[in-house]
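Here's a friendly walk through one protein chain, strand by strand. Have a look at the fold, then read on.

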Amino acid sequence: MASPPPAAPAVPDPRDAAPARRPRRGLRWLAAGVAAVLLLAVAAIGAVWWMLHSPAGTGWLLARIPQIGVVAPQGALVGDFAAERVEVTLAGSGVLRLDAPRWQALRLARGDHGRWLHVVIDSLHADRVTWLPQADASPSAEPPRPPQSLRLPIELEVRAARVDELRIGSAEAMPIRAVRGRLHLGAEVQSA
């Protein structure tokens, strides 16, 4: 009996090797994409942290907010902050001017009861607050509509607020002096 001829060595087919590279290349692209998204998220969180917690970041942010003018800001928004003057322009209504506003110990925390943020300020003070209504404010053709809900998305708690001088209507209006109070907006009301 004759033995069968020796088997020829198996030659790998080049088409079999190509698919093995594609999944690796695809996984590399997927990993690079996930890494880029994570890097962007970390950079965005870091930028927000910088703007809120550092004096340089706070100055940069305040210079770019429309309708708010801040003169000589000092400190960070989170923590202790002061400025020479702050002017807030409310479209179609007027200007709210605060001279020497400052606060101590502003803290941000996660909200509860459906609110996404809880802002606590231990002390808020302004030397002078002046409300200047817009002279040419004309009523709109459509009457204002009441809001569907008065529920605030944030909770704001000011433990001690003080205004040395409050003027309404013009910078020369008769002042109301030594205004003091507390403020807690968005608190859950306990019913009995």
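Trp131 stands opposite Ile168, a residue of β8. This is a predicted model, and a good place to start exploring it is β7. Strand β8 covers residues 154-168 and runs parallel to β7, with 12 bridges joining the two. β7 also pairs with β5 and with β6, this time in the antiparallel sense in each case. Here are those pairings side by side:

| Strand pair | Sense | Bridges |
|---|---|---|
| β5 and β7 | antiparallel | 6 bridges |
| β6 and β7 | antiparallel | 7 bridges |
| β7 and β8 | parallel | 12 bridges |

On the β5 side, which is residues 94-99, you'll find Leu98 opposite Val129 of β7.

Now for β6, where Ala109 sits. Its bridge partner in β7 is His118. If you skip the neighbours within four places in sequence, Ala109 is in contact with Leu117 and His118. Is Ala109 buried or exposed? Ala109 counts as partly exposed, because its relative accessible area is 38%, while buried would mean under 20% and exposed over 50%. Ala109 and Glu155 are 46 residues apart in sequence, and their C-alpha atoms are 9.7 Å apart in space.

What about the inside? The largest nonpolar core has 11 residues, among them Leu62, Leu77, Phe81, Trp103, Leu106 and Ile121. β6 (102-109) and β7 (117-133) are the elements that give two or more residues to this core. In soluble globular proteins, nonpolar side chains tend to be buried together. Take Leu77: neighbours within four places aside, Leu77 is in contact with Leu52, Thr58, Leu61, Leu62, Trp103 and Leu106.

Note on methods: Residues numbered from 1 in each chain as written. Predicted model: local features only at pLDDT ≥ 70, side-chain atom pairs only at ≥ 80, totals over all residues. Heavy atoms only, no water. Core = buried A, V, L, I, M, F, W, Y, C linked by side-chain atoms within 4.5 Å. Buried < 20%, exposed > 50% of the residue type's maximum accessible area, 1.4 Å probe, protein only. Helix = DSSP H or I, 4+ residues; strand = E, 2+ residues; numbered from the N terminus. Contact = heavy atoms within 4.5 Å. Pairing = 2+ DSSP bridges.
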